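Me: Please take a close look at one part of this structure: the surroundings of the two ligands. I would like the contacts and the fold elements behind them.

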Amino acid sequence: MKKTALITGITGQDGSYLAELLLAQGYRVVGMTRRTSTDVHERIQHIVDDIEFVSGDLLDQTSMTSIVADVMPDEIYNLAAQSFVPTSWQQPVLTGEFTALGVTRVLEAVRATNPKIRFYQASSSEMFGKVTEVPQRESTPFYPRSPYGVAKVYGHWITVNYRESYDMFAVSGILFNHESPRRGKEFVTRKISDGVARIKLGLANRLALGNLDAQRDWGFAGDYVRAMWLMLQQDVPDDYVVATGRTHRVRDFVRIAFEAAGLGSFEKYVVQDPRFMRPAEVDLLIGDPTKAHEQLGWKPDVSFEQLVEMMVRADIDRLSARAGA
Ligand code: NAP
Ligand code: GDD
């Protein structure tokens, strides 16, 4: 029997890789998108004919409930969110509506329609914030440092609560930063790879960044969606940290990216701009993925260095093709 998966946030970075993975496994893939006046299918253009689309919004309970009832999925991956941390200070209420209460709306739709549906919540290492333990694992207490992080803590606990209250197969994947050539350009890794490519091709001569000392545990998004799927294939629902177990400073990403493009030392190109500093920073994230290794059999394939090179190469190729067109 062909399984059906409903993905919220299918137009995002993770939604695109997850849709590819599920299609390759023979799933019927249904993607929920919000109504827009322009095409938002850029990341899934290559598989758009293989996906069924339904129109809905995490802000709207009625659409969520009728989508779940109509689609009757076996699995739901709730990836939709306002996911950019700085925007969460500018739009804290909206971030709470999408990223926190939106989770309850999807869970309520599942509970009211068919509590047997398996539910994945996209939780985040941002919940650890001002970390109380190094490395961070499933039992590490949360100390979020942004309205986004606070909203994700709510999303995590409401998922746990529905599992415990209603015996639902609801799991929370605590994913550390994961990147790819499909990452939004506002996030630091893609901003760097795009900026390096522009400098390489003579389209720019400097790159303005914020805090170069922040440390993140960066992996490849294509590896991380495998962990999401594995979590929903287990006998017992549980929460998992998904990370590489290695951390690097933003400065390291910058250095390797400039070297990968053959531009040498980054110092003459990079300027620090206070506009990109945050009111409260998450200084250090490093995850302990032991539980995911042991129980899910998951481990990442792409190293940090390969990730940086992949992203720089993709942006150079993209911008070169555009210049040649
Ligand atoms: P992303 O590229 O920003 O994608 C976010 C998706 O959510 C987009 O498809 C967006 O649709 C959709 N969306 C936003 N608000 C919505 C609403 N009100 N109703 C319906 N859809 C809405 O994010 P991502 O990097 O793929 O991350 C996926 C999820 O994992 C997010 O929940 C994020 O917070 C979480 N997460 C990400 C990371 C990471 O490092 N990438 C780590 C931990 C957790 P539009 O195209 O219409 O904007
Ligand atoms: N965006 C951005 N732009 N970040 C910068 C810049 C800049 O110019 N300069 C330095 N940084 C630093 C930020 O201060 C932060 O410490 C780090 O780079 C990473 O920032 P982002 O790439 O914006 O990601 P994030 O860690 O805040 O959040 C991402 O990862 C979370 C998981 O830990 C997002 O994908 C979240 O949705 C996700 O939950």
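Reply: The ligand shells come before the sheet and a helix here.

This is a predicted model, in which local features need pLDDT of at least 70, side-chain atom pairs count only at pLDDT 80 or more, and totals for chains, interfaces and linings use all residues. Residues are numbered from 1 along each chain as its sequence is written, chains are lettered from A and ligands numbered from 1 in the order in which they are written, and side-chain values use heavy atoms, with hydrogens and water left out.

Start with ligand 1. It has 24 residues around it, each with a heavy atom within 4 Å. Thr 11, Asp 14, Arg 34, Ser 83 and Tyr 148 come nearest. Polar contacts here are pairs of N or O atoms within 3.5 Å; within protein, one must be able to donate a hydrogen and the other to accept it, and residues adjacent in sequence count only if both atoms are side-chain atoms. A polar side-chain atom of Thr 11 sits 2.6 Å from an oxygen atom of ligand 1. Ser 83 also places a polar side-chain atom 2.6 Å from an oxygen atom of this ligand. The side chain of Asp 57 has an N or O atom 2.9 Å from a nitrogen atom of ligand 1. Alone, ligand 1 exposes 900 Å², and the protein buries 89% of that (Shrake-Rupley method, 1.4 Å probe; for residues, only the protein chains shown count as cover).

Helix 1, strand 5 and helix 5 (147-166) each give two or more residues to this shell. Strand 5 gives the most, with three residues. Helices (H or I, at least four residues) and strands (E, at least two) are DSSP runs, numbered from the N terminus.

Now ligand 2. Of its 23 surrounding residues, Ser 124, Ser 125, Tyr 148, Arg 278 and Glu 281 come nearest. Arg 278 has a polar side-chain atom 2.6 Å from an oxygen atom of ligand 2. Backbone atoms take part too. A polar backbone atom of Ser 83 is 2.6 Å from an oxygen atom of ligand 2, and one of Val 188 is 2.8 Å from an oxygen atom of ligand 2. Taken alone, ligand 2 exposes 710 Å², of which the protein buries 96%.

Strand 5 belongs to the sheet. The seven strands form an open sheet in the order 3-2-1-4-5-6-11, with parallel pairing (strands pair if DSSP finds at least two bridges between them). Strand 4 (residues 75-78) and strand 5 (residues 118-124) run parallel and are joined by four bridges. Ile 76 has Phe 119 as its bridge partner in strand 5.
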